[in-house]
Amino acid sequence: MSKRKSSSANENPTKRVRPQQEEEEEDKNVADDDQDDPLMKQVQCAGEVVGDAGIVESITLKNFMCHSLLGPFTFGSNVNFVVGNNGSGKSAILTALIVALGGNAQATNRGSSLRGFVKEGESSADVSIILRNKGRDAYKPEVYGPAIIVDLRITREGLRTYKLRSKSGQLVSTKKEELLSILDNFNIQVNNPVSVLTQEMSKYFLHSKGEGDKYKFFMKATQLEQMREDFVYIKTTKHVTEDKVEQHSECLKDLKRKYQEKEDRYKSLASLDEMHTKLEELQKQMAWALVTEMEKELEPIKEKLRSDRQSTQKYDEKVDEWKNKVQEAEKKYKQIQEQLERITQQVQELQPKCAELKAEAQRRNTHLKSSEVTVHRCKANLRDLEKDKVQLSSRINDLKLSISQTTGAESQARTERKEQIQAELENLRHQISTLGQQIDQYQHACNRAKEEQGKMRREQGVLQKSIEANGRNLQTMESSRSNRLRRFGEHMPTLLNAIQEAHRKGQFRHKPRGPLGYLISLKDPELALAIEVCLKGQLQAFTCDNHEDERVLQGLMAKVFPAGRRPTIITSQFLPKIHDTRKKAVNHPEYPSVLQALEIEDPVVANCLIDQRGIESILLIKNRTEARRVMQGRNPPQNCVQAFSKEGDQIFNNRNYTAEQTRANYLTGDVEEEIRHLQREMENQKGQANRFQQQMRKLDEDIKQNEGLLRRALIEQKTTKDKAMKLELELTDLQNVEEPQSEDLKPLDEDLQEIVSKISSKRAEYEEARVQMADLKASYEKAEREYKQHKDQINNIAEEADSIKEELSKADQEVMKFKHHKKHYDEKRSTHLRNIQTLEANLESKEKELQTSVSKATEISPERLEVRRTARSLDSEINRLKVKMSTQQEQQGDREEVVRQYHEALENYKNLAQQMKNLNTFIKSLDSVMNHRLQVYAELRRFLSARCKYYFDSMLAQRGYTGSMTFDHKNETLSITVQPGQGNKAHLSDMRTLSGGERSFSTVCFVLSLWAITEAPFRCLDEFDVYMDMVNRRISMDMMLKVAAGQLYRQFIFFTPQTINLPMSKIIRILRMKDPDRGQNNTQRGQDEDQ
């Protein structure tokens, strides 16, 4: 199981084979439950069988660790106890044994490097070990004799040198490889914890709580881990070999090529006549092969020409189709334009009548105010007459009071009652008249407040929409402080990033341009509004070179923009230069065109705006009056279609339109000033909205108050009329009764009647004036309604004109779009026709070349040959044949050299091919052997696990313990459970629940189980009993002695700080160390005591 040599008795039957009788005796001793005197008797009566190869006979230390001199210590052949207190040198002996027999410093757990083992103040440390070299397993007995002396020197710098001597002290070797061979021969493994178990290794593996650590200890002790590492190493080596085979295969190809070249040279020695004949034949084939290939080249050209001639009709149809669409779009544009002109004319026709109706309403309102003055004057006169009537009635009543003495009580009561009724009737009539006036006033106030309220609601809605629009513009402007792109929409930066990424991945033939407004700049900032109104939605548009790029861009827009309006995509072929517009452009000495007012670096953007909007033929005139004079004068500028003022007004030759937009949103230069303007405008609009709300609340309150007063006045008028009716009936009854009148009362009654007559006349006049006022009021309201209806009609027509303007703009864009498509297909048709002409010229040239080739081929070979090979392959073969002939002619005199190189290349190729074959065979065999050995490895692991369980149960049974050992090879864990008790009555528990002594005893059982299944010439165990009580220590020691008594051919070395009291025996040797002298650094020696 070692990398150097296997130590399993099953795998190496010639290696240290124990007698069958001894093995049976060992198994019997291990399973024996008797722990009393029979064991001691067996130890005392043990025979003289001793180990004969690989055991340690003695060891000597000088200047090692903190000891000047230790030893020499002579060990017995079987059981050795090294007893001494801490610091006496026990650990130094074990450390020296490990280091001297090839172990590294880390394995000792006493230092990280060898220099730490040299005593302080000394230049070097020496260790000398004598190994027994007898029997059939002796290593080179003729050279070393019955013993091998291993001398180790460690310098202060950490260097390690070996001297291997014979029994007589003669130096044999100083190489470490020789020491490794000796250790392999004796199967000495100082790094194996079963051979040498230090305290730290015991703590790490045995006393660890992890089941994985115990499994690692088992694998390391049985050398199964070494076998697994060997398998990994072999597998890696196999992969390296396969890589080398692959590399050699490339070399083999090169050798084969060289061999074929040499073979060609060898065969080329045959005859030059054959080569000449073959060359002539190849040249004939070459001539007709060129003819054949040229004929084949003509076929696709002819087919392409036929196809293109057929597809010409499709291009004509496309051109006609877009031409018809352009005509239809222009017709539609003209119709919409005529409709807009009709509506504009209607508005102009309605304007005078609207002014006339407004003047008529104002005139009637003046008459109404005059009538109201007349009514109030009549009302005042009536009120004065009423007062005179009351005074005269009071005087008559006084006179009647004096007459009452003669008329009687009944007449007096009637008279008083009539007067009272008349007075009350006058008051009631006056009250009814007043209530009527109040009712009219309340009704008029309510109607006027409701009309004002409706008007304010409409204005408030318009104001709210303006506030929301300004809010969106303000948000866009604020976000455009750091990124001007955001003026064109909050999704524009994301869209441009997506376009850039798609262009980087090659999804576009040409990168789209846009938004167009982002790619232009103004020479004069005052013209920003005019250019925005001119270009409209094209500021946010994109342009693509072809329809495939357009589809890709539409897909990106669908991902970036939410459902709704997306930027327009204009498809037009990208050209590297700006269009030549000198013939079609307007050229005014004072005013620039839109094209001249813009700075456009990209020709693609400039061409797109020229094609779509005709910016070369649109003038920019700041003053609107001047613009009308220039455009609508007798001689408008040549090639000028329209003009725009700086306020955004659009002026044609025969009409003009006022812009709804008041400020530029996209092309403004000073963002902060625009933000401040929008903030001020929004503050004013919000203040106006607040005032609207206050006025609306006040109007609501006025309407509620007037309606309440109106209801109370109507109720009071009805009640008053009922009272007056009752009083008039009562007065009629009283007047029908005759009573005597006094002569003195007649003048007063006449005056009273005159006043009453005046009152009646004045009341009639008042009623007439009030009726006239009502008529005037109705007339005024009618005139006001007619004026509002006429004004609303004008507003409706204006709104209709706005929608028609939008349709006109869309129709204009549609016309430009259709013209662009027509132009596109015109260009494609022209290109197509040019391609046909090119193909025809190319075909004619190819046919002439074909005739020339046929003539040349006929001269070389009059009879046409059917050639299947290509001209290229024939040309290659002709050139190769010419080179071969030239080479052969040059080398014709050195025939032997060609033959020698051929045989040498053939031999090299065959040798390497055989090596490759052998290596491939070896790799296949190695795979087979590895698979077999992996199966054997798994079987051996199972066998060793079963034996370890068996011995562990046997060891525990000696003290009446029960336990189990569970191996999980898949997860690489080893679970050990132990229960002190009696047989089946005990319950198994984890070792962590045991006491210190019980756990140490269980650990000793585990170690002894591993001893029973592994092979080594000697075993060292450091401080095995340090955590045991006396009972467990005695039992553990008896078990170890029993194992030792059954394995007399092995050497056991136990290190303990505790006193050893054992009976006398020839197989046991106790080495007692002197106590350390802490005050002096004297030499410490061990004392041997044989028992």
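The exercises below work through burial, salt bridges and a charged patch in a predicted model.

Local features require pLDDT of at least 70 and side-chain atom pairs count only at pLDDT 80 or more, while totals for chains, interfaces and linings use all residues. Residues are numbered from 1 along each chain as its sequence is written, and side-chain values use heavy atoms, with hydrogens and water left out.

**Exercise 1. Describe the chain as a whole.**

Step 1. The chain holds 23 helices and 23 strands. These are DSSP runs numbered from the N terminus, with helices (H or I) of at least four residues and strands (E) of at least two.

Step 2. Of its 1091 residues, 43% are buried. Buried means under 20% relative accessible area, exposed means over 50%, and partly exposed lies in between (1.4 Å probe, protein chains only).

Step 3. The chain exposes about 60700 Å², and carbon and sulfur atoms supply 47% of that area. Accessible areas come from the Shrake-Rupley method with a 1.4 Å probe; for residues, only the protein chains shown count as cover.

Step 4. Take the contacts (heavy atoms within 4.5 Å) between residues at least 6 apart in sequence: 76% of them join residues at least 24 apart.

**Exercise 2. Classify histidine 790 and glutamate 799 as buried or exposed.**

Step 1. Histidine 790 lies in helix H19, and glutamate 799 is also found in helix H19, which covers residues 745-860.

Step 2. Histidine 790 has 7% relative accessibility, so it is buried. Leaving aside neighbours within four places in sequence, histidine 790 is in contact with Leu350, Lys353, Cys354 and Leu357.

Step 3. Glutamate 799 has 53% relative accessibility and is therefore exposed.

Step 4. Glutamate 799 belongs to a negative surface patch together with Glu660, Asp802, Glu806 and Glu807. Residues in patches have over 30% relative accessible area and no salt bridge; like charges are joined within 9 Å, and nonpolar side chains (Val, Leu, Ile, Met, Phe, Trp, Tyr) within 5 Å. Asp and Glu count as negative, Lys and Arg as positive, and His and the chain ends are not counted. The place of a charge is NZ of Lys, CZ of Arg, CG of Asp or CD of Glu.

**Exercise 3. Set out the sequence separation and the exposure of three salt-bridge pairs.**

Step 1. A salt bridge is a side-chain nitrogen of Lys or Arg within 4 Å of a carboxyl oxygen of Asp or Glu. The count comes to 40 by this rule.

Step 2. Glutamate 321 pairs with lysine 318 at 3.9 Å, N to O. The two are separated by about one helical turn because they stand three residues apart in helix H10 (residues 272-407). Glutamate 321 is partly exposed at 33%, and lysine 318 is partly exposed at 33%.

Step 3. Aspartate 524 and lysine 622 meet at 2.8 Å, N to O. This pair links distant parts of the chain, 98 residues apart: aspartate 524 is in the loop between strand S9 (520-522) and helix H13 (528-535), and lysine 622 is in the loop between strand S13 (618-620) and helix H17 (624-631). Aspartate 524 is partly exposed at 22%, as is lysine 622 at 32%.

Step 4. Arginine 624 and aspartate 649 meet at 3.3 Å, N to O. Arginine 624 is in helix H17 and aspartate 649 in the loop between strand S14 (642-644) and strand S15 (650-651), 25 residues apart. Arginine 624 is partly exposed at 32%, whereas aspartate 649 is buried at 4%.

**Exercise 4. Which residues are linked with Asp316 in a network of salt bridges?**

Lys822, Asp826 and Arg829 are linked with Asp316 in the network.
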